[in-house]
Amino acid sequence: MKINKNFDNLVPNYLFADVARKTAEYAAANPDKKIIRLGIGDVTLPLAPVVVEAMKKGAEELGHKETFKGYPEYEGYDFIREAISGYYKSFGVNVSADEIFVSDGAKSDCGNIGDIFSQDNTVLVTDPVYPVYVDSNIMAGRKIIYAACNEENGFTAMPDEDVKADIIYLCSPNNPTGAAFTYDQLKAWVDYANKNDAVILYDAAYEAFITDDLPRSIYAVEGARTCAIELCSLSKTAGFTGTRCGYTIIPKELERDGHNLYATWYRRQATKFNGVSYPVQCAAAAVFSEEGQRQIRDNIAYYQENARIIASALDELGIYYTGGKNSPYIWLKCPNGMGSWEFFDLLLKKANVVGTPGEGFGENGAGYFRLTSFGDRENTVEAVERIKKLLS
Ligand code: PLP
């Protein structure tokens, strides 16, 4: 037998392991120091009470013959798909419940969606990049090309008519850079995709952090329904990193190569996925209720205030950054021309603050650094004070 040799082409990424190792070594050698972690991409606030209640109620129903449920529908129960559709309507975007697939999260969908596309397609990702887009396509044996994000374009790469891409991953607000596309920027990508017979895979995992007048969904952009699939997650919106729930939207009119992509993805899911558990779907639907929205908004506002505190310190220090607004991530230029790891070491040793070196997210991340707002307020404030003291 032979294994999938494409796996040999994966580049080992030791970023988070190296961050953890260096932090642990420093902590062991300096047990008296309080280390503050602003590198984590996981949330820290608990689930909203209304979400927990809905999950408990769902579990209770499974324990009684009259309300017991077996296999769910592959695409999710009507009640949650209707709730998601209503949520989109609340910000002016029409997505019908029967275009939505509920899943166990956006990471799975980002990786699995490739099943419906030929291996011969060229994939375009922006660099720096959420590594899942790259690694899942290396595993599938696809050619990957990179669109550079840098200070000149404000870390929002735009399409190049001289470059031919078939599958385009866009993430806005972006992980790791926090940069978010404007309507006109997204429209340029939509126009490119429609003209070039490409499909955009639009990752909206951080849409709930948008506060400015920017698109919350690619379907806010004219023409997107004939070229884009949207992937979203409740992980950062509602603290579902451990609960697991997300969704993918495929407009019914989206066709490529003589195939309807909704029908193709439905066939794929029906073969390889048996749906999300009932209590989790109940919990997820509660996120979209009026009370659920109020409660999750409180948590998001907490993280947004952390982001604002970090960003305003960088403003004071005159350090270039993207994100901080419309995003839980702050992507900053390492001061004095330092490399990402050099800055990591400096922050760790002199301020006892841990962040994430940008070069782990791609070539264009060299010399940049990611901080996150998912920590608690007190630690965020203290970390920022230490950074200000160190750099001013
Ligand atoms: N997409 C992006 C851009 C992310 O940053 C993340 C999580 O960090 C995900 C998707 C994964 O989301 P989920 O927890 O739903 O799998």
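Which helices each supply at least two residues of the shell around the ligand? The answer is helix H4 (106–112) and helix H7 (235–238). The model shown in these views is predicted.

**View 1. The shell around the ligand.**
The ligand has 14 residues around it. Asp203, Tyr206, Ser233, Ser235 and Arg244 come nearest. By class, the shell holds six nonpolar, four polar and four charged residues. H4 and H7 each contribute at least two residues to this shell.

**View 2. Polar contacts of the ligand.**
Three close atom pairs appear here, taken one by one. A nitrogen atom of the ligand lies 2.6 Å from an N or O atom in the side chain of Asp203. An oxygen atom of the ligand is 2.7 Å from an N or O atom in the side chain of Asn175. At Lys107 the partner belongs to the backbone: a polar backbone atom is 2.9 Å from an oxygen atom of the ligand. On its own, the ligand has 390 Å² of accessible area, and the protein covers 91% of that area.

**View 3. The largest pocket.**
Where does the ligand sit? The space taken by the ligand is the largest pocket. The volume of this pocket is about 770 Å³. Its lining has 30 residues. Closest to the centre of the pocket are Gly41, Asp42, Tyr130, Asn175 and Lys236. Asn175 is also a contact residue, with a side-chain N or O atom 2.7 Å from an oxygen atom of the ligand.

**View 4. Helices and residue classes in the lining of the largest pocket.**
Four helices give two or more residues each to this lining: helix H1 (15–29), H4, helix H5 (131–139) and H7. Which of the elements gives the most? H1 does, with four residues. H4 and H7 also supply the ligand shell, with at least two residues each. The lining of the largest pocket divides into 14 nonpolar, nine polar and seven charged residues.

**View 5. The second largest pocket.**
The second largest pocket holds about 370 Å³ of space. It is lined by 16 residues. Val11, Val134, Tyr146, Gly360 and Gly362 are the closest to its centre. Here H5 gives the most to the lining, with four residues. H5 also gives two or more residues to the lining of the largest pocket. By class, the lining of the second largest pocket has nine nonpolar, three polar and four charged residues.

Key:
Residues numbered from 1 in each chain as written. Predicted model: local features only at pLDDT ≥ 70, side-chain atom pairs only at ≥ 80, totals over all residues. Heavy atoms only, no water. Near = heavy atom within 4 Å. Polar contact = N/O pair within 3.5 Å; in protein donor to acceptor, adjacent residues only side chain to side chain. Areas by Shrake-Rupley, 256 points an atom, 1.4 Å probe, with all protein chains shown as cover. 1 Å grid on protein atoms, 1.4 Å probe; cavity = no way out; pocket = protein on both sides within 12 Å on 5 of 7 lines; lining within 4 Å. Sits in = over half its atoms within 2 Å of the grid points. Nonpolar A, V, L, I, M, F, W, Y, C, P; charged D, E, K, R; others polar. Points joined across faces, edges and corners; volume = space filled by probe spheres on them.
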